[in-house]
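Me: I am new to this structure and would be grateful for a close look at one part of it. Please take the linked salt bridges as the subject.

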Amino acid sequence: MNRREFLQTMALSIAGMVATGCGLVPSESGEDATRLDLETIGEVLIIGAGVAGLAAAQTLVQAGVNVRVLEGRDRLGGRLWTSRAWADVPLDMGASWIHGVRGNPITAVAEEAGLITSPTDVGKAITYHTDGQPLTRQQERELAELQEAMAEILAEAQDEDPDYPLQAIIDWAVAEYDLSNEERRWLDFSVNSLIEHEYAGSSTELSTHWFDDGEEFWGEDVLFPQGYDQIATFLARGVSVELGQIVQEIRWEQGRVVVTSDTAVYEADAAIITLPLGVLQAGSVRFSPSLPHAKQEAIAGLGMGLLNKCYLRFPTRFWPSGYDWLQYIPPRKGEWAEWVSLADALGEPILLGFNAADFGRQIEGWTDAQIVGSGMGTLRHIFGANIPDPLDYQITRWASDPFAGGSYSFNAFGSTPAMRDTLAAAINRTLFWAGEATSRAYPGTVHGAYLSGVAAAERLLGL
């Protein structure tokens, strides 16, 4: 069972899953937030030039609304960030894939922009045991059986009250079934690979009831060999964006917004807030008056996850061909368990190592040399001591990024998916909200961010 099949099985097993999409939601004030007199609107401010902000801006611009986007970074895209430090190979440091191309709005944007995509296949995977040897056919069957049992246990727990942190259910299963040390490592690997890497949250923080709540698009996963930032550039066409404006305070009353950045003050009739959940949780942007209590509860209750990347570029390919995913069952949970070969997709001998949640957060405090050395230790354990050193590397530290505070949101223990609706709700026809964390149907995705931006703009327009 591969990652996507596992998640699809999990999704189908949950009775009563809520699938509300990105439709309109009522104002927190109880007023009709979808009615604004567009003829009297002088300007709308959009806070953040990520995909949500740019999608909202493009929708409003096409409707004839005067829009200004304020962005703290010196680039477009937010958590959609393409590094061009290697002139011949753009690398996506944040979002990489269109997950499920069929019916996906990002597919439509990419086609309209004439962008090149390249597929990767989670089914083309090889898994290495803790000793560095590939799993035998028998071991692959045993691992699949364990993962299927895990899916059944979690599905049953989702039908029971109360909710628990996901790890509590895993610990119960370990005790109940008296798993061996090897089986426990396999279970830890499965939790990390299939769940923590997918949702970016630690199993100690994820809600058992709601960790996998949401919808998905079907079809293959594709990435952008020339960079995902082409999507941001395309969405920004005809939009007024001011970079390097670090927003510090947003003062608002019905029909008026005053935004203070580190260098300027802006006034408008309404604003669309697309700040990442991690930034809202950090409180680095002040709201005056304070946000309604329900929105503050939603901000505090949802989780901000972490998925960090380490790209290693080698002089030659030393790993087997025919595989996109290289997986490793480590002795300690979560340490360099997921690698992606980009040799086929990008045409260069590059490996991408993922680290999520707890270990991903731990290594943010390490030096680059320590991170690369740790990753190379795993690769040499699998492929031999004589593999070449990397020619170069690129590393992310999303939790330490003040404009992100993490990678993407997850449904934490103690939260509910309804909190995303609360986060998306407009306030007094003046403050509108977008971003992947506001998307109940597609959280943690680029398409969720895009759809939320369009929905916020349409809400403002009264559509």
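Reply: Glu43, Arg68 and Glu242 are joined in a network of salt bridges, a salt bridge being a side-chain nitrogen of Lys or Arg within 4 Å of a carboxyl oxygen of Asp or Glu. The model is a predicted one, in which local features need pLDDT of at least 70, side-chain atom pairs count only at pLDDT 80 or more, and totals for chains, interfaces and linings use all residues. Residues are numbered from 1 along each chain as its sequence is written, and side-chain values use heavy atoms, with hydrogens and water left out.

Within the network, the side chains of Glu43 and Arg68 meet at 3.5 Å, N to O. This pair links distant parts of the chain, 25 residues apart: Glu43 belongs to the loop between α1 (3–12) and β1 (44–47), and Arg68 to strand β2 (residues 67–70). Helices (H or I, at least four residues) and strands (E, at least two) are DSSP runs, numbered from the N terminus. Glu43 counts as buried because its relative accessibility is 12%, while Arg68, at 23%, is partly exposed. Here buried means under 20% relative accessible area, exposed over 50%, and partly exposed in between, with a 1.4 Å probe and protein chains only.

Side chains of opposite charge can pair when their charged atoms come close. The structure holds 18 salt bridges, and two others may be set beside the network.

One of them joins Arg237 and Glu112, whose closest N and O atoms are 3.6 Å apart. Arg237 lies in the loop between α7 (229–235) and β9 (240–242) and Glu112 in helix α3 (residues 105–113), so this salt bridge ties together parts that are 125 residues apart in sequence. Arg237 is partly exposed, with a relative accessible area of 32%, whereas Glu112 is exposed at 56%.

In another salt bridge, the side chains of Arg332 and Glu335 meet at 3.2 Å, N to O. Glu335 counts as buried, since its relative accessibility is 18%.

To return to the part requested, the network consists of Glu43, Arg68 and Glu242; of these, Glu43 is buried and Arg68 is partly exposed.
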